[in-house]
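Here are some exercises to work through with the model open beside you. Try each one yourself before you read the solution.

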Amino acid sequence: MSIFQSFNINASGMTAERFRTDIISENIANVNTTSTENGEPYTRHVVKFREKGNNFWEYYRRSTDKYLGNGVKVSGIYEDHVTPYKMEYDPSNPDADENGYVTYPNVNIVTEMTNMIDASRAYEANATAFEASKAMASRGLSIGQA
């Protein structure tokens, strides 16, 4: 594995975690959105990652070099249909049903903040690894100057 490949791996991790942070921010921003364009409450979004290079040629290349790393990519954004929506009694709300209950999004602020901390730490770990790779490359270049 070349030093530049480690840069690419760390950069892909930072990009993926930044995207995850954006989706978490979107969830937090919509915590009180009771009606979207389709008339239903906002549904929490979840980001799924997968290893880069999941095609035939990457598998073939990996079989010749088992230590080849590829990084990470976002494989999709999915709606969370497992977590239930919150129901609150508020008959004065225009989005209340015939019984006076309002359906709020299935976004839990504590869960989202925990995920935000996790994404932030993962981003920080990738940035630290990137800096370590950069320091090794810089040190290798300085050895050649002597």
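**Exercise 1. Where along the chain do K134 and E131 sit, and how many residues apart are they?**

Solution. Start with the element: helix α3 holds both K134 and E131. They are three residues apart, about one turn of the helix. Next, look at the side chains: K134 and E131 form a salt bridge, with 3.5 Å between the closest N and O atoms. Last, check the cover. K134 has 41% relative accessibility and E131 has 43%. Partly exposed runs from 20% to 50%, so K134 counts as partly exposed, and E131 is partly exposed too.

One thing to keep in mind as you go on: this is a predicted model.

**Exercise 2. Which element of the chain has the lowest mean pLDDT, and which the highest?**

Solution. Begin with the whole chain: its mean pLDDT is 88, and 87% of the residues reach 70 or more. Then go element by element. Helix α2 (residues 56–64) comes out lowest, with a mean of 59, while β4 comes out highest, at 95. Where pLDDT is low, don't read the predicted coordinates in detail.

**Exercise 3. In what order do the elements of the chain run?**

Solution. Count first: you should get three helices and four strands. Now walk from the N terminus, and the order reads α-β-α-β-β-β-α. For a feel of how the chain comes together, take the contacts between residues at least 6 apart in sequence: 63% of them join residues at least 24 apart. As for cover, 30% of the 146 residues are buried. The chain exposes about 9,800 Å², and carbon and sulfur atoms supply 55% of that.

**Exercise 4. What does the salt bridge between D118 and R20 tie together?**

Solution. Find the contact first: the side chains of D118 and R20 meet in a salt bridge, 2.9 Å from N to O. Then place each partner. D118 lies in helix α3 (residues 109–145) and R20 in helix α1, so the bridge ties together parts that are 98 residues apart in sequence. Now compare the cover. R20 is buried, at 16% relative accessibility, whereas D118 is partly exposed, at 41%. Finally, look for a further partner: E17, R20 and D118 are linked in a network of salt bridges.

**Exercise 5. Are D80 and R44 buried or exposed?**

Solution. The cut-off you need is that buried means under 20% relative accessible area. D80 has 9%, so D80 counts as buried. R44 has 11%, so R44 is buried as well. Their side chains form a salt bridge in which the closest N and O atoms are 3.1 Å apart. This pair links distant parts of the chain, 36 residues apart: D80 is in the loop between β2 (72–79) and β3 (86–89), and R44 is in the loop between α1 and β1 (45–51).

**Exercise 6. How many aromatic pairs does the chain have?**

Solution. The count comes to two. One of them is F7 with F130, a tilted pair with 5.0 Å between centres and 40° between planes. F7 is in helix α1 and F130 in helix α3, 123 residues apart, so to speak of this pair is to speak of distant parts of the chain. F7 is buried, at 16%, and F130 is partly exposed, at 23%. Then there's Y89 with Y101: their ring centres are 5.4 Å apart and their planes are at 70°, so the pair is edge-to-face. Y89 is in strand β3 and Y101 in strand β4, twelve residues apart. Y89 is exposed, at 56%, while Y101 is partly exposed, at 35%.

**Exercise 7. Which residues does V102 touch, leaving out those up to four places away in sequence?**

Solution. First locate V102: strand β4 (residues 101–104). Its relative accessibility is 0%, so V102 counts as buried. Now list what V102 touches: T34, K86, M87, E88, D90, N93, D95 and A96. To finish, check a distance: the C-alpha atoms of V102 and Y89 are separated by 6.2 Å, and the two residues are 13 apart along the chain.

**Exercise 8. Which residues join F19 in a nonpolar patch on the surface?**

Solution. Start from F19, in helix α1 (residues 3–29). The other members are V74 and I77, and together the three have about 210 Å² of accessible area.

Terms used
Residues numbered from 1 in each chain as written. Predicted model: local features only at pLDDT ≥ 70, side-chain atom pairs only at ≥ 80, totals over all residues. Heavy atoms only, no water. Patch = residues over 30% accessible without salt bridge, like charges linked within 9 Å, V, L, I, M, F, W, Y side chains within 5 Å. Areas by Shrake-Rupley, 256 points an atom, 1.4 Å probe, with all protein chains shown as cover. Salt bridge = Lys/Arg side-chain N within 4 Å of Asp/Glu carboxyl O. Helix = DSSP H or I, 4+ residues; strand = E, 2+ residues; numbered from the N terminus. Buried < 20%, exposed > 50% of the residue type's maximum accessible area, 1.4 Å probe, protein only. Contact = heavy atoms within 4.5 Å. pLDDT = per-residue confidence, 0-100. Phe/Tyr/Trp six-rings, centres within 6.5 Å; stacked < 30°, edge-to-face > 60°.
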